[in-house]
Amino acid sequence: MISKSLLSAITIATLTACSHTEPLETPLAQSVTPHAATAVTDQAVIADTVGSAQVGAAALAWANPSTGSAGVVEQIDASTDGPDGCRGFVTSRQSLEGITRFNGVACPSGDSWKLGGEVQ
């Protein structure tokens, strides 16, 4: 018959051999890391939505999977579509903080659009 102390020693040795102190890496953890570096702001999504639409367009939905926010561009003002290409707009934004509505201006910036400028 095996003594209790020998059985305890074997159990401890087995558990020690199975323990692992290094962090566990899974495919899920590896796929999340690069995504975090490419997060897109709500402002960038709104500006690109306004920039890709026709002046005078209304009710354009936008969503940002990076932040979970979404909204609707309610109007794009034709009167601010000047020589610099900037466009005034009104949009809503629904996020974890609540629902907001604001007026803004989107202007061309290289291959994309950015928020900025003033509505005249």
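Start by selecting Arg101 and Glu74: their side chains are joined by a polar contact of 2.7 Å (a pair of N or O atoms within 3.5 Å; within protein, one must be able to donate a hydrogen and the other to accept it, and residues adjacent in sequence count only if both atoms are side-chain atoms). Before going on, note that this is a predicted model, where local features need pLDDT of at least 70 and side-chain atom pairs count only at pLDDT 80 or more, while totals for chains, interfaces and linings use all residues. Residues are numbered from 1 along each chain as its sequence is written, and side-chain values use heavy atoms, with hydrogens and water left out.

Stay on Arg101 and show its surroundings. Leaving aside neighbours within four places in sequence, Arg101 is in contact (heavy atoms within 4.5 Å) with Glu74, Val90, Thr91 and Ser92. Is Arg101 buried or exposed? Arg101 is exposed, at 58% relative accessible area; buried means under 20%, exposed over 50% and partly exposed in between, with a 1.4 Å probe and protein chains only. Now add Gly71: 30 residues separate Gly71 from Arg101 in sequence, yet their C-alpha atoms are 9.0 Å apart.

Next, colour strand 4, residues 98-109, which holds Arg101. Helices (H or I, at least four residues) and strands (E, at least two) are DSSP runs, numbered from the N terminus. Ile99 is in strand 4 too, and with 65% relative accessibility Ile99 counts as exposed. Not counting residues up to four places away in sequence, Ile99 touches Arg93 and Gln94.

Zoom out to the sheet. Five strands make an open sheet in the order 1-2-3-4-5, with antiparallel pairing; two strands pair if DSSP finds at least two bridges between them. Strand 1 (60-64) and strand 5 (112-115) stand at the edges with a single partner strand each, so one side of each has no neighbour in the sheet. From one strand to the next, the twist averages 35° (axes are lines fitted to C-alpha atoms, for helices over the stretch in contact, and angles run from 0 to 180 degrees between N-to-C directions).

At one edge, four bridges join the antiparallel strands 4 and 5; select Pro108 and you will find it opposite Trp113 in strand 5. Then bring up helix 3 (residues 42-52), which packs on the sheet and touches strands 1, 2, 3, 4 and 5, its direction making about 150° with that of strand 1.

Finish at the hairpin of strand 1 and strand 2, with four residues between them. Pick Gly68 in the turn, where phi is positive at about 85°. Five bridges join these antiparallel strands, and Leu60 has Val73 in strand 2 as its bridge partner.
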